[in-house]
Amino acid sequence: MNADLKPLAEQVIVITGASSGIGLTTARMAADRGARVVVAARSEGALRELVEEIEAEGGEATAVAADVSDREDVREIRRVAEETYGGFDTWVNGAAVPIYGELEAVPVEEMREQFDVNVWGLLYGSLEAADYFKSRDRDGAILNIGSIVSERAIPLQGSYSASKHAVKGFTEAFRMELEKEGAPVSVTLIKPSAIDTPYSEHAKNHMDEGATLPPPVYAPETVARAICHAAEHPQHEVTVGAGGKGMTALGEFASRLMDRVMEAVFYDQQRTGDPPRSDAAALEEPVGDLEARGDYDGHVSETSLYTSLRQRRSLPGSNAIGIGLVATAAYATYRLFRRDDDSGGEVTETASERRRLEDRIEL
């Protein structure tokens, strides 16, 4: 890559989707490390509160109420960053909206709205940031928040998976084009595994039960640390969490087996067994109110050793794949053994046993 990136403490960072989850956690972490942050989302009140919080702790921040599906709103984010701080060094495309439900149950109109945010919003931000860096001959980074489901789609989140596949394709092509012309821009795809954010609570849900995340689940700080690292060190892509890496690795090397595992366990893993929530969905209106964490009631890994080692080039790719395969196999076996046996009796595990099993794959 052609970019020479500054230390985080010397940067101005634009973050979309900053009112909750990964975007919020990243804004707080970047500001705590000395960066000046431009936070953008639809929730104007939440952004105002976030700016006050950061400034109260000695940081610098400014907010832009914006809907990234509107290209003029994205241009306004750039304008405010230039007017307030003279420009920016990193642009993080983090805004996204989830939908749960089988594809035949999700209205096509909702899928289109989802793509407007997840794909077109990210595309607008990437193009705007690249134009700024090239026109000012200023080295910078574009960090696109994709998902592990861009590598391996999962049932009940088919439209979200499809949108993240589009994000991956756009990011890869854009990176190559910018490199070819010698633009001073680093383009990185961040691929989180399941993350304990308000993702499920904010999702539009077409299932007959409440939505939840399939384990293993990681803390949003694991993603924020990966983003902050990539803002300083050019990288092609970063997978956050060995659990997600294992899922994609097994899907690549034993795709039919992965199909069967997903069909067997991923339906139950994404249902709570309770009635669906009646809260407003992010697809319909702003719902961010400075919630970094969700209500996931299982074990949450606060760190990802796998991601930390990979970002620092301490773990070779072949070893990473091996760890991922072992992790996925262990977890798939665990879940499959919990299913009803031939005699109709259900095999269950204690809470401590489940914790030990999840600890084995949270790398």
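A residue counts as buried here when its relative accessible area is under 20%, as exposed when it is over 50%, and as partly exposed in between (1.4 Å probe, protein chains only). By that yardstick, buried residues make up 55% of the 363 residues in the chain.

This is a predicted model, in which local features need pLDDT of at least 70 and side-chain atom pairs count only at pLDDT 80 or more, while totals for chains, interfaces and linings use all residues. Residues are numbered from 1 along each chain as its sequence is written, and side-chain values use heavy atoms, with hydrogens and water left out.

**View 1. The whole chain, with its 12 helices and 12 strands.** Helices (H or I, at least four residues) and strands (E, at least two) are DSSP runs, numbered from the N terminus. Contact means heavy atoms within 4.5 Å. Of the contacts between residues at least 6 apart in sequence, 77% join residues at least 24 apart.

**View 2. An open sheet of 7 strands.** Reading across, the order is β3-β2-β1-β4-β6-β7-β11, and the pairing is parallel. Two strands pair if DSSP finds at least two bridges between them. At the edges sit β3 (60–65) and β11 (237–240), each pairing on one side only. From one strand to the next, the twist averages 15 degrees. Angles run from 0 to 180 degrees between N-to-C directions, using axes that are lines fitted to C-alpha atoms, for helices over the stretch in contact.

**View 3. Strand β1 and its neighbours.** All 5 of the 5 residues in β1 (residues 12–16) are buried. In a regular strand the side chains alternate between the two faces of the sheet. Here V12, V14 and T16 point one way, and I13 and I15 the other. β1 runs parallel to β2 (residues 36–41), joined by 5 bridges, and I13 has V37 as its bridge partner in β2. To get from β1 to β2 the chain passes through helix α1 (residues 21–32), a right-handed β-α-β crossover. Right-handed means that, with the strands pointing away from the viewer, the path from the first strand over the helix to the second runs clockwise. With β4 (residues 90–93), β1 shares 3 bridges, again parallel, and I13 stands opposite T90. T90 in turn stands opposite A141 in β6; 4 bridges join β4 to β6 (residues 140–145).

**View 4. Helices packed on the sheet.** Helix α5 (residues 158–180) touches β6, β7 (185–192) and β11, and its direction makes about 160 degrees with that of β7. Helix α3 (residues 71–85) lies across β1, β2, β3 and β4, running at about 150 degrees to β3.

**View 5. Two loop residues, S43 and A105.** S43 is in the loop between β2 and α2 (44–56). Leaving out residues up to four places away in sequence, S43 touches S19, P286, V287 and G288. Is S43 buried or exposed? With a relative accessible area of 9%, S43 is buried. A105, in the loop between β5 (99–100) and α4 (108–136), counts as partly exposed at 43%. The C-alpha atoms of A105 and L156 are 9.8 Å apart, though 51 residues separate them along the chain.

**View 6. A kink in helix α9.** The kink is about 35 degrees, centred on E263; the bend at a residue is the angle between axes fitted to the seven residues ending there and the seven starting there. M258, V261, M262, A264, V265, F266 and Q269 are buried.
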